[in-house]
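Student: I would like a close look at a single part of this model. Please take me through the place where protein and DNA meet.

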Protein chains: 2
Amino acid sequence: MLVARITLAKTDANCLDCPIRHRAVCASCTSSELEELNRIRQYRTWKAGETIAWAGENMSFVGSVVTGVATLSSTLVDGRRQMVGLLLPSDFLGRPGRGEVSYDVVAATETTFCLFQRDQFERFLSKSPSIAKELLEKTLDDLDSAREWMLLLGRKTAREKIASLLVMMARRDGALHRNEPGDGLVFPLHITREAMADYLGLTVETVSRQISAMKRDNVIQLMDTRTIRVPDFNRLVEQSAASSGFEDAHHALPETTAKRA
Amino acid sequence: MLVARITLAKTDANCLDCPIRHRAVCASCTSSELEELNRIRQYRTWKAGETIAWAGENMSFVGSVVTGVATLSSTLVDGRRQMVGLLLPSDFLGRPGRGEVSYDVVAATETTFCLFQRDQFERFLSKSPSIAKELLEKTLDDLDSAREWMLLLGRKTAREKIASLLVMMARRDGALHRNEPGDGLVFPLHITREAMADYLGLTVETVSRQISAMKRDNVIQLMDTRTIRVPDFNRLVEQSAASSGFEDAHHALPETTAKRA
DNA sequence: CGAGCACTTGATCGCTTTCAATAGCTGTGG
DNA sequence: CCACAGCTATTGAAAGCGATCAAGTGCTCG
């Protein structure tokens, strides 16, 4: 599995060098605020497949993904599972004012967080309007993403679901920015077919079949099972049944600074 | 098309008499803050079926539902529609910092909002940490609701979806608190079968069939098409495939003050 | 009393799931 | 180095659930 082999968490490094410095909740902190955060923060890394928190558990910390990918998912009593969120670098985990976590949080790849004790963070939050504003902004973005996904889960066909996921992955990867050197758009999936199925509300078999079908139709090609090449991105977008609305406007022209795809 | 016909509102009433006074974003405002809000707020009412805002449109105001029910929904190019949220009294509509609305907002019943000009509200927000905190809290609740609904849309059967909706409606109605006088639990649905279908990612036919089936199995009874009687609430809950997690803990014992079911 | 709408019910179709087998890849130990 | 275990992924065949197409019922309001 593509393990992002991690060099030790440099807790002693400075916030100013942080890879998510300008996108995380701390993005608009003043330098004195940053200094304080710097004192109370802590890096921690989970290996791919490790569970970071179980639904219902009490989590004493909150924080941001620095590197890696983590998933949020819910499970029904009989084991049916649905992914309800994906945490990427700069995304925030945890709810101020509530320790109990609502979903299983699992590291999909090796994942490093920048963590704070929840009570310490809450104290900081109440003193710092800038971080509160960023957190609200992020939460609203998450809400928009969740609702966009509701449309996908409730109304899209299997084919459209896969296409939508690929579009999202491509945009988020920022692959669209590297100019296409004639050999199309190439980007990695990071996650297993099972995780894709959990995300899309499908079975692995259906995911696999639809990917094969899109390959047959030459909408995509597989470099290896987890690396996609797209000859014509617009054709992929067409197959994703993009909504008639305008809610895509904010990430239609993806930018490295885009919040969430 | 349905143009927002506005009946006059009693803008002259005082915030202190407001029915959502203790649950809306203004819940923890100081009395001087309330006075200011009182000056800049405005009531406005839409009739059932009227569209409050179209996806993509620019909305110059934000505000809270005072009475009534409004729906948020997304539409695909070919007309497939998915409801992505339900606005009930005390729920907030609008996104500070962004005028463009992401979904169609439609009054399901006659609905009255307490509105603010967006720029005025934003100015107020940046001065008032208490209202900012309430808004963050509400947004986090909305996010939890949306994710719970993702599980329903992605993994539950038609029967389970209907049962889940009924459980939610019953809890939200607060019907559970009125003691059961032996004649079971009775509560209104407010919405049409079509709205139910849009919410659950089903067709009207399937909704209708499942309701009939549950009637046959004596899980529910219909007083009229939009009033449900439940002889044994636990049996209904069982059929809703409540998740194994604990994310229900916060509304498991429904309270009149519960944020969102 | 009839038009329009919400809802119900029936028959059939087809997409996705389920069940089952196979292929491919990776790492481990003889 | 190869054999084999354990995964992940693919493919096939069959079944089932919800969608679609099509009437028909019942209620409300003019």
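Tutor: Start with one term. A residue is near a strand if one of its heavy atoms lies within 4 Å of it. Keep in mind that this is a predicted model.

Take DNA strand D. It has 17 residues around it. A:Arg193, A:Ser208, A:Ser212, B:Thr206 and B:Arg209 come nearest. So which parts of the strand face the protein? Sugar and phosphate account for 63% of the atoms of DNA strand D that come within 4 Å of the protein.

Now look at single contacts. An N or O atom in the side chain of A:Arg193 is 2.7 Å from a phosphate oxygen of DNA strand D. The side chain of B:Thr206 also has an N or O atom by a phosphate oxygen of this strand, at 2.4 Å. The bases are touched too. A polar side-chain atom of A:Arg209 lies 2.8 Å from a base nitrogen of DNA strand D.

Next, the elements. Helix 6 of chain A and helix 6 of chain B each supply at least two residues of the surface near DNA strand D. The largest share is 4 residues, and helix 6 of chain A provides it. By class, this surface has 3 nonpolar, 8 polar and 6 charged residues.

Turn to DNA strand C. Here there are 18 residues around the strand. A:Thr206, B:Arg193, B:Ser208, B:Arg209 and B:Ser212 come nearest. Of the atoms of DNA strand C that come within 4 Å of the protein, sugar and phosphate account for 62%.

Again, go contact by contact. B:Ser208 has a side-chain N or O atom 2.7 Å from a phosphate oxygen of DNA strand C. A:Ala158 uses its backbone: a polar backbone atom is 2.8 Å from a phosphate oxygen of DNA strand C. A:Glu205 goes to a base. One of its polar side-chain atoms lies 3.2 Å from a base nitrogen of DNA strand C.

Which helices supply this surface? Helix 6 of chain A and helix 6 of chain B, both spanning 204-216, each give at least two residues to the surface near DNA strand C. By class, that surface has 3 nonpolar, 9 polar and 6 charged residues.

Put the two strands together. Helix 6 of chain A and helix 6 of chain B each supply at least two residues near DNA strand C, and each supply at least two near DNA strand D.

Key: Residues are numbered from 1 along each chain as its sequence is written. Chains are lettered from A and ligands numbered from 1 in the order in which they are written. This is a predicted model: local features need pLDDT of at least 70, side-chain atom pairs count only at pLDDT 80 or more; totals for chains, interfaces and linings use all residues. Side-chain values use heavy atoms; hydrogens and water are left out. A polar contact is a pair of N or O atoms within 3.5 Å; within protein, one must be able to donate a hydrogen and the other to accept it, and residues adjacent in sequence count only if both atoms are side-chain atoms. Ala, Val, Leu, Ile, Met, Phe, Trp, Tyr, Cys and Pro count as nonpolar, Asp, Glu, Lys and Arg as charged, and the others, Gly among them, as polar.
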